[in-house]
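Q: Hello! I am new to this structure and would like a close look at one part of it. Could you walk me through it in one connected answer?

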Amino acid sequence: MAKIAIIGGGYTGLTAAYRLTKLGHQVHVFERGSEVGGLAADFTVAGAHLEKTYHHLFRTDTDIIGLTAELGIEDTLGWHTGSLKTYYNHRLHDFSTPVDLLKFTPLPLWDRIRTALVALYLNRTKNWRQFVDVSAYEWMKKFNGRRAAQVIWEPLLKGKFDERYKEVSMAWLWARLHIRSRSRRPGEMKEKLGYFAGGFHTFTRALVEKITAQGGTIHTGAEVTSIAEHKDGVSVTVDGTEAVFDRLLATVPSHVFADLAGPGLASEYRDRLAGIDYLGAVVMVFTSEQKIGDAYWYNINDLTKPFLVFINHTNLIDRRNYAGRYVYYIGTYRPHEHRSFTLSDDQLSDEWFTELARIFPEFDRDKIEERHIFRLKNAQHIVTTDYEDRIPAMQTPLKHVWLANFSQIYPEDRGTNYAVREGTKAAQLITDSLAP
Ligand SMILES: Cc1cc2nc3c(=O)[nH]c(=O)nc-3n(C[C@H](O)[C@H](O)[C@H](O)COP(=O)(O)OP(=O)(O)OC[C@H]3O[C@@H](n4cnc5c(N)ncnc54)[C@H](O)[C@@H]3O)c2cc1C
């Protein structure tokens, strides 16, 4: 059996660790943070586990649903009715069902019909290759009309990709819309969203328990600072101490991997890694005794507002799980140099709460009980129209080293389901490489 190191204790790394320990390999996971879970990691709010960044599953997330069953925790995955509203031109509009789209008054009737027909086409067509080198914004402008592109797509794309939004591939947007529409069962008007009893912590804990029961070791607070080819495999340095492994899987962002590997990495592969740009995410969680809004998810389609999304988590999950408190998220994606990464928590809250009160005049700041702000780097990569040709392979030029991170997922949007899929794939490649 081989000695295998995994860098990163997010869902990609944990899934690979689970698969490889199941086969009897001696696996060590090195996670820089104080806890595992990566972008889906949780913290405690109102006495309960909650993701630092809003998370739910779709029915099409079959890889993570399958692993949930394999871990024996399928009973904890519940399906809840989601609801969506869009804030545009100082008003909230229902946006949960196709009928809501037809009633969306910020667009003239013909634009609404056109938008609905385009949505139907994207739902039906499987030929996403036609969209690879096409800008999502330009495509939507052409087929939905200029006004629909400005009202619906520009705020959504800009909210997710900031100033780079016009470069984003239509293949990425196709995948988001297509997969999401497939997640609805026939006749289901509103979509059902998956969430674990006890939060995603339940899934993380089940994985960790299996990995350790199967003989794996998880090291938290263990930042890998370099890796190098070694005559017998690959060496990994953590806290100044070097250890040699037969195989290594890195699940860190692409540019982080380039830094870890240093000059030993072939330049063509290094250039691919360096060419992938990431945005950060800034997310606020707060609890209140006040109910704000009757929907789960609010897209903020107003480019003057400093955030992309407002979520009333307790309109999806019963607030009795949070000591009766209402739980809210506000979030946005920004470049790492954006001021939201340097403002103090109080300054950021002042700005965001002032704007929230303009959307929900009933919002009362004095009723807030807990407030937490998370700033995550490398939260979303920018999927440009030439992206497919620039994706780095899982097998790196270093003989005993594999890379699996969400920048290799294409055309789907990154998500926990694909972390499970890619972690499984990487474990299989490593297993194959060990075959006599
Ligand atoms: C705001 C937001 C909302 C999201 N919502 C959803 C959702 O609703 N549904 C969904 O399915 N997905 C959602 N996602 C995406 C999902 O969280 C990610 O796709 C998934 O968790 C990625 O897992 P990963 O293991 O590939 O990467 P990561 O979670 O990024 O894990 C990588 C790990 O590597 C560690 N690391 C980095 N450098 C080092 C080093 N040098 N040494 C040791 N460790 C290191 C990091 O600390 C991290 O834990 C969301 C993401 C964000 C940011």
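Which strands does helix α11 lie across, and at about what angle does helix α11 run to β18?

A: Happy to help! Please keep in mind that this is a predicted model. Helix α11, made of residues 345–359, lies across β6, β14, β16, β17 and β18. Its direction is at about 100 degrees to that of β18.

To place those strands, let us turn to the sheet. β6, β14, β16, β17 and β18 are among the 7 strands of an open sheet, whose order is β7-β6-β15-β16-β17-β14-β18. The pairing in this sheet is mixed. Its edges are formed by β7 (91–94) and β18, each of which pairs on one side only. From one strand to the next, the twist averages 20 degrees.

Another helix packs on this sheet as well: α6, residues 146–161, touches β6 (84–88), β14, β15 (297–300), β17 and β18. The direction of α6 makes about 85 degrees with that of β17.

Now look at one pair of neighbours within the sheet. Strand β16 (residues 309–312) and strand β17 (residues 326–334) run antiparallel and are joined by 4 bridges. Here you can find F310 standing opposite I330 of β17.

Two strands of this sheet also lead us to the ligand. β14 (278–288) and β18 (368–381) each supply at least two residues of the shell around the ligand, and so do the helices α1 (11–22) and α12 (416–434). There are 36 residues around the ligand, and those that come nearest are G8, G10, G38, G415 and T416. Sorted by class, the shell holds 16 nonpolar, 16 polar and 4 charged residues.

For a contrast, visit the other open sheet, with 5 strands in the order β9-β2-β1-β13-β19 and parallel pairing. β9 (217–219) and β19 (401–403) stand at its edges with a single partner strand each, so one side of each has no neighbour in the sheet. The twist here averages 15 degrees from one strand to the next. Strand β13 (residues 247–250) pairs with β19 in the parallel sense over 3 bridges, and the bridge partner of A250 in β19 is L403.

Finally, a look at the whole chain. The domain assignment gives domain 1 (3–73 + 197–276 + 392–434) and domain 2 (97–189). Their centres, taken over C-alpha atoms, are 32 Å apart. Where the domains touch, domain 1 contributes 6 residues and domain 2 contributes 10 residues.

Key: Residues are numbered from 1 along each chain as its sequence is written. This is a predicted model: local features need pLDDT of at least 70, side-chain atom pairs count only at pLDDT 80 or more; totals for chains, interfaces and linings use all residues. Domain bounds come from an automatic or database domain assignment. Two residues are in contact if their C-beta atoms, placed from the backbone, lie within 7 Å. A residue is near a molecule or strand if its C-beta atom, placed from the backbone, lies within 6 Å of it. Ala, Val, Leu, Ile, Met, Phe, Trp, Tyr, Cys and Pro count as nonpolar, Asp, Glu, Lys and Arg as charged, and the others, Gly among them, as polar. Two strands pair if DSSP finds at least two bridges between them. Axes are lines fitted to C-alpha atoms, for helices over the stretch in contact, and angles run from 0 to 180 degrees between N-to-C directions.
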